[in-house]
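Please work through the exercises below with the sequence and the model open side by side, and try each task before reading its solution.

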Amino acid sequence: MKRKIIAVTACATGVAHTYMAAKALKKAAKSMGHLLKVETQGATGIENELTEKDVNIGEVVIFAVDTKVRDKERFDHQRILHVPVAAPIKDAEKVISDALELVDNQ
């Protein structure tokens, strides 16, 4: 079953790890058969910004961050999995599975 996941990635410097984590999550979601949209909050600002519709459609939010999430209140009504930005780089499938488990065990 295709699941709908949204994510925000951000590292302290907003450069490499932000984008590496986003890429790893996208690749893992595709291989697992899920839909995923990732917002990156890097040195150049917010890219691929999640819309209100995206947030409402997402079953769960993954915050793969080592810094504060900008405009975090957008996600107040969502289940959120917080992980370090390096976690999806190491094992994105586990991060996605853990996020979906949050929803399934509510």
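**Exercise 1. Locate D71 in this predicted model, and find which sign its phi has and whether D71 is buried or partly exposed.**

Solution. Begin with the position: D71 belongs to the loop that lies between β4 and β5. Next take the backbone angle, for which the phi of D71 is near 55 degrees, a positive value in a residue other than glycine. As background, most residues other than glycine have a negative phi. Finally, turn to accessibility: with a relative accessible area of 36%, D71 is partly exposed, because that class lies between the cut-offs of 20% and 50%.

N48 can be treated in the same manner. N48 sits in the loop between β3 and α2 (52-57), and its phi is positive, about 60 degrees, although N48 is not a glycine. The relative accessibility of N48 is 43%, so N48 counts as partly exposed.

**Exercise 2. Work out the order of the strands in the sheet, and say which strands are at its edges.**

Solution. The sheet is open and is formed by five strands, in the order β3-β2-β1-β4-β5, with mixed pairing. The edge strands are β3 and β5 (80-83), each of which pairs on one side only. From one strand to the next, the twist averages 15 degrees.

The pairings can then be taken in turn. As a reminder, strands of a sheet pair through backbone hydrogen bonds, either parallel or antiparallel.

- β3 (residues 45-47) runs antiparallel to β2, and three bridges join the two strands; G42 stands opposite G45 in β3, and the hairpin between β2 and β3 passes through two residues.
- β1 and β2 pair in the parallel sense over six bridges, and A7 has V38 in β2 as its bridge partner. Between these two strands the chain passes through α1, and this β-α-β crossover is right-handed.
- β4 and β5 are likewise described as parallel, over four bridges, with V61 opposite I80 in β5.

**Exercise 3. Decide whether the end-to-end span of helix α1 agrees with its number of residues, and determine which residues of α1 are buried and which are exposed.**

Solution. Start with the length: α1 covers residues 16-32, and at 1.5 Å a residue its 17 residues should span 24 Å, which agrees with the 24 Å between its end C-alpha atoms. Then list the buried residues of α1, which are T18, A21, A22, A24, L25, A28 and A29. Viewed down the axis of α1, these buried residues fall within an arc of 165 degrees, so they line one face of the helix. The spacing can be understood from helix geometry: an α-helix has 3.6 residues a turn, so residues three or four places apart point the same way. On the other side of α1, K23, K27, K30 and S31 are exposed.

The surroundings complete the picture. The buried residues of α1 pack against β1 (4-10), β2 (35-42), β4 (60-65) and α3 (86-104), while the helix lies across β1, β2, β3 and β4 and runs at about 180 degrees to β2. After α1 comes G33, with a positive phi near 85 degrees.

**Exercise 4. Characterise the surroundings of T40 and V61, and state which contacts each residue makes beyond its neighbours within four places in sequence.**

Solution. T40 is a residue of β2, a strand that is largely enclosed by the rest of the structure, because six of its eight residues are buried. T40 counts as buried, at 7% relative accessibility. Apart from neighbours within four places in sequence, T40 is in contact with T9, T18, Y19, A22, G45, I46 and E47.

V61 lies in β4 and, at 0% relative accessibility, also counts as buried. Although V61 and I6 are 55 residues apart along the chain, their C-alpha atoms are separated by 4.9 Å. With neighbours within four places again left aside, the contacts of V61 are I6, F75, Q78, R79, I80 and L81.

**Exercise 5. Establish which side chains of β5 are buried.**

Solution. The side chains alternate along β5, and they can be sorted by face: L81 and V83 point to one face and are buried, whereas I80 and H82 point to the other face and are not buried.

How values were computed
Residues are numbered from 1 along each chain as its sequence is written. This is a predicted model: local features need pLDDT of at least 70, side-chain atom pairs count only at pLDDT 80 or more; totals for chains, interfaces and linings use all residues. Side-chain values use heavy atoms; hydrogens and water are left out. The expected span of a helix is 1.5 Å times one less than its number of residues. Buried means under 20% relative accessible area, exposed over 50%, partly exposed in between (1.4 Å probe, protein chains only). The arc is that of the directions from the helix axis to the C-beta atoms. Contact means heavy atoms within 4.5 Å. Two strands pair if DSSP finds at least two bridges between them. A crossover is right-handed if, with the strands pointing away from the viewer, the path from the first strand over the helix to the second runs clockwise. Axes are lines fitted to C-alpha atoms, for helices over the stretch in contact, and angles run from 0 to 180 degrees between N-to-C directions.
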